[in-house]
Amino acid sequence: MGPQIHFILLFSRQGKLRLQKWYTTLPEKEKKKIVREIVQIVLSRNQKTSSFVDWKDLKLVYKRYASLYFCCAIEEQDNELLTLEVVHRYVELLDRYFGNVSFTLRHELCFWLTDKQTSITALFCVSFYTNCSILFLSPEGN
């Protein structure tokens, strides 16, 4: 079975949150506090350090693509490398869907992501359990 993801955060190098998807129910105030803390932790780390951080009773797994960080919180016993692979497949899926995107989240991509946040779970599952080369998404959502 794949990693148990508690939440996914996408944020810029400047610390601006671009997307969040929570699989754990928390009050909004607590979510904002967590986001601030995690963004600060990840952005303060040296680029040559590990992409894994022990945080509270979870493990943060993150990867930077261009100017955007993809960060997942998983259980301590979950496989970090498997989580990185899931993130990488998700990035490949976005790249394939939008063409050669620099991942600075141009307007079209940002709108699509915020409009389709409920699809994030499905995209992560599909990208993990299928070969991305056979997956095709149309802009219309068909």
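Q: Is A66 buried, exposed or partly exposed, going by its relative accessibility?

A: Partly exposed means lying between the cut-offs of 20% and 50%. In this predicted model, A66 has a relative accessibility of 46%, so A66 counts as partly exposed.

Q: Where does A66 lie, and what is the sign of its phi?

A: Most residues other than glycine have a negative phi. A66 is not a glycine, yet its phi is positive, at about 55°. A66 sits in the loop between β4 and β5.

Q: Which strands does that loop join, and how many bridges pair β4 with β5?

A: The loop that holds A66 runs between β4 and β5. Strand β4 covers residues 58-65 and strand β5 covers residues 68-75. They pair in the antiparallel sense over eight bridges. As one example of residues facing each other across the two strands, K59 stands opposite I74 in β5.

Q: What is the phi of K56, and is K56 buried or exposed?

A: The general expectation is again a negative phi for most residues other than glycine. K56 is not a glycine but has a positive phi of about 50°. K56 is found in the loop between β3 and β4. Exposed means over 50% relative accessible area; K56 has 53%, so K56 is exposed.

Q: What is the strand order in the sheet, and which strands stand at the edges?

A: A sheet is read by listing its strands in spatial order, then looking at the ends of that list. Here the sheet is open, has five strands with antiparallel pairing, and has the order β2-β1-β5-β4-β3. The edge strands are β2 (17-22) and β3 (52-55). Each has a single partner strand, so one side of each is left without a neighbour in the sheet. From one strand to the next, the twist averages 20°.

Q: How many helices are there, and what does α1 lie across?

A: The protein has four helices alongside five strands. Along the sequence they follow the pattern β-β-α-β-β-β-α-α-α. Helix α1, residues 28-44, lies across β1 (5-12), β2, β3, β4 and β5. The helix runs at about 60° to β1.

Q: What do the totals for the whole protein say about burial, surface and contacts?

A: Of the 142 residues, 42% count as buried. The accessible surface comes to about 8200 Å², and 52% of that belongs to carbon and sulfur atoms. For contacts, the separation along the sequence is what to read. Among contacts between residues at least 6 apart in sequence, 51% join residues at least 24 apart.

Notes:
Residues numbered from 1 in each chain as written. Predicted model: local features only at pLDDT ≥ 70, side-chain atom pairs only at ≥ 80, totals over all residues. Heavy atoms only, no water. Buried < 20%, exposed > 50% of the residue type's maximum accessible area, 1.4 Å probe, protein only. Contact = heavy atoms within 4.5 Å. Areas by Shrake-Rupley, 256 points an atom, 1.4 Å probe, with all protein chains shown as cover. Pairing = 2+ DSSP bridges. Axes fitted to C-alpha atoms, helices over the stretch in contact; angles between N-to-C directions.
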